[in-house]
Amino acid sequence: MSMHLEFRHLRVLLTVAEAGSIRKAAARLQLSQPAMSAQLKRIEHELGGPLFIRSADGVKPNENGQYVLRCARDLVVGFDRLREHARSAAEADRQAAAPLRAGGTAGPLMSLLVSALFELVPERRVTIDARRSVHTLVKSLGQSKCDIAVFGEFPGFPLPVGESVATRTLLREPVFVLLAEDHPLARQEKVGLHELAGEDWVMPEADESGVHAYLHLTCQSAGFTPRIAHVTPDLSVAQILVAGRRAVCGVWPTADVSAQGTVQRPLVDVPFHRRLLLAWNTGSVPPALADAACERLLAAYLALVRQRPQYLAWWEDGGKEFALGEGV
């Protein structure tokens with residue numbers, strides 16, 4: 001009974017030729033030696049005759065076998081390339097159809113990332129997941145529940161990203177202090193951190209980012225221990241406390257803080273800051289998109305600096321070198 005030659009039979013011929021014996025080929029293909037011999041004979045019969053010279057030392061392809069094996073290798077290589085191309089194309093189509101999941105901690109940088117992605121991948125749907133907890137955000141990246149995100153990291157408190165997550169530091173962002181407009185220090189253009197030694201502070205809730213611990217360490221380097229008298233995640237509540245001279249508050253200079261009765265002032269002497277990071281899952285975000293997002297994000301941030309007079313003054317008075325300098 002005649003058999004139909006199939007693609008898998010070509011792999012059998014190549015395995016026999018590579019192994020140099022029917023016994024070794026049978027072991028590689030997880031067949032018994034008699035079954036291997038019988039299958040090889042059927043393949044040879046379908047192709048018109050013997051393809052191998054059998055001997056006590058094993059098997060070697062004869063002249064016809066050498067030609068058949070060359071053709072078989074070309075077909076197998078071509079098929080493997082076809083399959084790889086088809087799979088890659090299907091994966092590209094799948095990724096293009098899937099939403100790009102963007103994340104970040106609440107704040108202006110998250111808005112900048114979303115705007116950048118809308119411009120870079122207008123054909124893709126972008127979904128947003130803004131978080132208060134940076135630890136939860138980083139965990140989502142590592143678990144492939146988020147594709148690309150932006151967040152801050154305090155010096156000495158690195159966030160554990162997974163092996164599938166790449167990060168890039170955009171810049172160092174300073175902390176400014178928010179004061180009541182009638183506070184004695186508000187008359188100064190700059191405030192030394194040590195000058196806040198007697199103040200009560202209002203802070204966001206403590207979390208895994210180390211924000212409270214970092215404040216303590218930074219203030220201690222300026223010679224005092226801060227009194228955190230108020231804790232709130234709501235900046236508007238913090239602004240009321242500051243305007244009433246009941247507390248001072250650290251603020252990011254990019255934030256649009258326009259509460260009546262308050263002013264922002266840069267802090268000097270102690271480099272009170274965070275690193276702004278862009279992070280992405282390497283399995284779902286191609287390198288070209290990550291590079292373009294970094295470039296767009298930094299350009300948008302610099303445009304935002306120019307919209308904040310206090311920050312721009314700090315930036316032009318040597319702050320730029322600190323923000324974008326070596327080690328960033």
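This is a short talk about some strands and helices in the structure above.

Hi everyone, and thanks for coming. One thing before we start: what we are looking at is a predicted model.

Let's begin with strand β3, which covers residues 100–105. Is this strand mostly covered or mostly open? Here, five of the six residues of β3 are buried, so "mostly covered" follows if we take buried as under 20% relative accessible area.

Now, who are the partners of β3? Strand β4, residues 126–131, pairs with β3 in the parallel sense, over six bridges. If you want a spot to click on, find Thr105, which stands opposite Arg131 in β4. Strand β5, residues 148–153, also runs parallel to β3, and three bridges join the two. There, Ala102 has Ile148 of β5 as its bridge partner.

A quick reminder for the newer faces: strands of a sheet pair through backbone hydrogen bonds, either parallel or antiparallel.

Next, let's move to another part of the chain. Four strands make up an open sheet with mixed pairing, and the order is β8-β12-β7-β11. The edges are β8 (191–192) and β11 (249–251); each has a single partner strand, so one side of each has no neighbour in the sheet. Take β7, residues 176–180: three bridges join β7 to β11, and the two run antiparallel. Leu178 is bridged to Cys249 in β11.

Finally, the helices. Helix α8, residues 235–243, lies across β7, β11 and β12, at about 55° to β7. Helix α10, residues 309–324, lies across β7 and β12, and runs at about 15° to β12.

That's my tour, thank you!

Note on methods. Residues are numbered from 1 along each chain as its sequence is written. This is a predicted model: local features need pLDDT of at least 70, side-chain atom pairs count only at pLDDT 80 or more; totals for chains, interfaces and linings use all residues. Side-chain values use heavy atoms; hydrogens and water are left out. Buried means under 20% relative accessible area, exposed over 50%, partly exposed in between (1.4 Å probe, protein chains only). Two strands pair if DSSP finds at least two bridges between them. Contact means heavy atoms within 4.5 Å. Axes are lines fitted to C-alpha atoms, for helices over the stretch in contact, and angles run from 0 to 180 degrees between N-to-C directions.
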